[in-house]
Amino acid sequence: MKNKLLIYLLLFPVVVLSQRFPSPPSTAQINNIVSQQHQMMMQQQQMMRMLQRNYETDQQKLAKAKGKKVKIEYKIRTLKNELSTTREDLSLLQGSDMKLNKKQQKRKKKLLKTLAKMNGKIAKNTERLRSINSDIAKLETQIEETSQEIEKENKKTKNSK
């Protein structure tokens, strides 16, 4: 029993002294940690600014595209109205007499050319309208994705504080 007590008393200082507390970090290590945290915060802020700029420019592009869409739709409507009046004129011209004199034949040719031009313009504007609609859809999805990313970044910054 005395031997055990003696062994414990001899080993106790060795065991206690061998378990040292870690030394505090040096000022260089502390400065490195602080600068890393500062860099991360600056990167997050830069990311937020970039996302917000993208969001704003996409909103502006969307407004511009919608304005173009309205103009093209109006143009198509007016062309279709002109087309219908030209067709009516042509049908009146063809329905009046079986034999047309030279003036009427020239007018008929002119009306047919105008109809062809209008159909071409309508087709061209319809294609532009299709293209603008797809652009609008892309912009709307980009805006939605960007706003979700902004919300995620806001949550990250709130959680880190």
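Which residues make up the largest nonpolar core? The core consists of nine residues, namely L62, A65, I72, I76, L129, I132, I136, L139 and I143. The legends below start with the whole chain and then turn to this core and other sites in the predicted model.

**View 1. Overview of the predicted chain, with three helices and zero strands.** The elements run α-α-α from the N terminus on. Helix α1 covers residues 2-18, helix α2 spans 27-96, and helix α3 takes in residues 102-160. Of the 161 residues in the chain, 17% count as buried. The accessible surface of the chain is about 14000 Å², and carbon and sulfur atoms account for 57% of that surface. Among the contacts with a separation of 6 or more, 82% join residues 24 or more positions apart.

**View 2. Confidence of the prediction along the chain.** The mean pLDDT of the chain is 87, and 86% of the residues score at least 70. Among the elements, helix α2 has the highest mean pLDDT, at 92. The lowest mean, 65, belongs to helix α1.

**View 3. The largest nonpolar core, made up of nine residues.** Members of this core include L62, A65, I72 and I76, as well as L129 and I132. Helices α2 and α3 each supply at least two of the core residues. The largest share comes from α3, with five residues. Another core, of eight residues, lies apart from this one, and L79, L83, L90 and M118 are among its members.

**View 4. Surroundings of I136, a member of the largest nonpolar core.** With neighbours within four places in sequence left aside, I136 is in contact with L62, A65, K66 and K69. Two of these partners, L62 and A65, are listed with I136 in the largest nonpolar core.

**View 5. D58, a buried residue that has no salt bridge.** D58 lies in helix α2. The nearest side chain of opposite charge is that of K61, 4.5 Å away. D58 forms no salt bridge with K61 because a salt bridge needs a side-chain nitrogen of Lys or Arg within 4 Å of a carboxyl oxygen of Asp or Glu. Neighbours within four places in sequence aside, the contacts of D58 are L139, Q142, I143 and T146. Of these contacts, L139 and I143 also appear in the largest nonpolar core.

**View 6. The salt bridge between E127 and R130.** A search of the whole structure finds two salt bridges, and this view shows one of them, in which the closest N and O atoms are 2.8 Å apart. Both residues belong to helix α3, where E127 and R130 are three residues apart, or about one turn of the helix. E127 has a relative accessibility of 45% and so counts as partly exposed. R130, at 51%, counts as exposed, because the exposed class begins over 50%.

**View 7. The salt bridge between E153 and K156.** Here the closest N and O atoms are 3.8 Å apart. E153 and K156 are three residues apart in helix α3, so about one helical turn separates them. Is E153 buried or exposed? Its relative accessibility is 10%, so E153 counts as buried. K156 is partly exposed, with a relative accessible area of 47%.

**View 8. T86 and its contacts.** T86 has its place in helix α2. The relative accessible area of T86 is 8%, so this residue is buried. Residues up to four places away in sequence not counted, T86 touches L111, T114, L115 and M118. One of these, M118, is also a member of the core of eight residues.

**View 9. L90 with L112 and K110, two residues of helix α3.** L90 is one of the eight residues in the second core described above. L112 and L90 are 22 residues apart in sequence, and their C-alpha atoms are 7.9 Å apart in space. L112 has a relative accessible area of 42% and is therefore partly exposed. K110 and L90 are 20 residues apart along the chain, with 9.7 Å between their C-alpha atoms. K110 has a relative accessible area of 61%, so K110 is exposed.

Notes:
Residues are numbered from 1 along each chain as its sequence is written. This is a predicted model: local features need pLDDT of at least 70, side-chain atom pairs count only at pLDDT 80 or more; totals for chains, interfaces and linings use all residues. Side-chain values use heavy atoms; hydrogens and water are left out. Helices (H or I, at least four residues) and strands (E, at least two) are DSSP runs, numbered from the N terminus. Buried means under 20% relative accessible area, exposed over 50%, partly exposed in between (1.4 Å probe, protein chains only). A nonpolar core is a set of buried Ala, Val, Leu, Ile, Met, Phe, Trp, Tyr and Cys residues joined through side-chain atoms within 4.5 Å. Contact means heavy atoms within 4.5 Å. Accessible areas come from the Shrake-Rupley method with a 1.4 Å probe; for residues, only the protein chains shown count as cover. Lys and Arg count as positive and Asp and Glu as negative; His and the chain ends are not counted. pLDDT is the predictor's confidence in each residue, from 0 to 100.
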